[in-house]
Amino acid sequence: MEFKDLQVFQMVAETGNITRAAKELNYVQSNVTSRIQKLETELNTPLFNRHNRGMILTPEGKKLLHYSEKILLLMSETKKVVQSSGTPCGKLEIGSVETVIKLPVILSAYNKKYENVDLSLESGVTEKLQEKVLNYQLDGAFVTEAGQHPSLVHHDVFQEELVLISDRTLTSLEQLKNKPFLVFSEGCGYRAKLNEWLKDERITPMKMMEFGTFETILGSVVAGLGITFVPKLSVAHLEESGLIHCHSIPDKYSKINTIFIRRKDTYLTPTVKAFIETIELCKDEIVYPLSIIKY
């Protein structure tokens, strides 16, 4: 069994298709097919169920995927340890919820200092980003603090105050109860806090409407479609412009911590270490939010 065989197997498992796997790996299809067949012969068991739309892992294939991920990660970690020069370089894949107000400052400071690092950013909700860090798909992520996962280590970034926001015509909490709530998908830390408050206050929302981006939610609130629950600092510019009204709720529901998470068991490369140091340096910087969208 070769490492290349496992890499091919893992890619086919991820894509569910020989053609897509070959394209991702820049291999010819026959090479991918032969490596999968070689693995199945060597292990004396089918690893995939073939059908017209692609390939699905068999129970035995799922077992192999579990171990192949660990083997390939260990190989990658070994290379990082042996080849590390102590200078940040290579790829750094970071995830973040959309409302981390200090994120541009952190990314800019890091990018200016470490130009040899290929930094990429993926946005999402807390639950999904945590899952990607746990599955070694991201080097780390900015998320809202929830229960501490035993496989993760977290670094405090800052605490935020969440507020309910509405258009400027709604000035009391009582008026908000009959408006739709505009939220991110399940797994969002802000939505979890909102649900906690609604439950304790015995408020049943007229409607929950899910949106994919922060900008769309803000634009919809300003237009009077509904209300939402977001960090106060991220909408300060809209409040100052008179486009929205902010409604405070008790600290129990409104205080939330933004943290940076990474896996405990991965080698702390100079690249990731430098990123964490940059977060620490930018913690106390005052951020003046610019308008995200114009109306």
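The accessible surface of the protein amounts to about 16,200 Å², and carbon and sulfur atoms account for 50% of it. The model from which this value is computed is a predicted one. Taken along the principal axes, a box of roughly 70 × 45 × 35 Å holds the C-alpha atoms. Of the 295 residues, 44% count as buried. The secondary structure consists of 12 helices and 11 strands. Among contacts with a separation of 6 or more, 76% join residues 24 or more positions apart. As for charge, the protein carries 35 positive and 37 negative charges, and the mean positions of the two sets are 3 Å apart.

The interior may be considered next. The largest nonpolar core comprises 63 residues, and the members with the most contacts inside it are F142, I165, V235 and F275. Strand β6, which spans residues 152-167, gives the most to this core, with 7 residues. Apart from this core lies another, of 18 residues, including I18, A21, F48 and L65. Returning to the largest core, I165 illustrates how its members are surrounded: leaving aside residues up to four places away in sequence, I165 touches L218, V221, I227, T228, V230, V235, I244, H245, C246 and H247. One of these neighbours, V235, is itself listed with I165 among the core residues with the most contacts.

A charged residue in helix α3 deserves separate attention, namely E40. Is E40 buried or exposed? Its relative accessible area is 13%, and E40 is therefore classed as buried, the cut-off being under 20%. The side chain of E40 makes a polar contact with the side chain of R50, at 2.9 Å. Residues up to four places away in sequence again being left out, E40 touches T45, P46, L47, F48 and R50. Of these, F48 also belongs to the core of 18 residues.

Two loop residues stand out for their backbone geometry. Which values does phi take there? For N26, phi is near 60°, a positive value in a residue other than glycine. N26 lies in the loop between α2 (18-25) and α3 (29-43). Because its relative accessibility is 72%, N26 counts as exposed. For Y136, phi is near 65°, likewise positive in a residue other than glycine. The loop that holds Y136 runs between α6 (126-134) and β5 (140-144). With a relative accessible area of 33%, Y136 is partly exposed.

Conventions:
Residues numbered from 1 in each chain as written. Predicted model: local features only at pLDDT ≥ 70, side-chain atom pairs only at ≥ 80, totals over all residues. Heavy atoms only, no water. Helix = DSSP H or I, 4+ residues; strand = E, 2+ residues; numbered from the N terminus. Buried < 20%, exposed > 50% of the residue type's maximum accessible area, 1.4 Å probe, protein only. Polar contact = N/O pair within 3.5 Å; in protein donor to acceptor, adjacent residues only side chain to side chain. Contact = heavy atoms within 4.5 Å. Core = buried A, V, L, I, M, F, W, Y, C linked by side-chain atoms within 4.5 Å. Areas by Shrake-Rupley, 256 points an atom, 1.4 Å probe, with all protein chains shown as cover. Lys, Arg positive; Asp, Glu negative; His and termini not counted. Charge placed at Lys NZ, Arg CZ, Asp CG, Glu CD.
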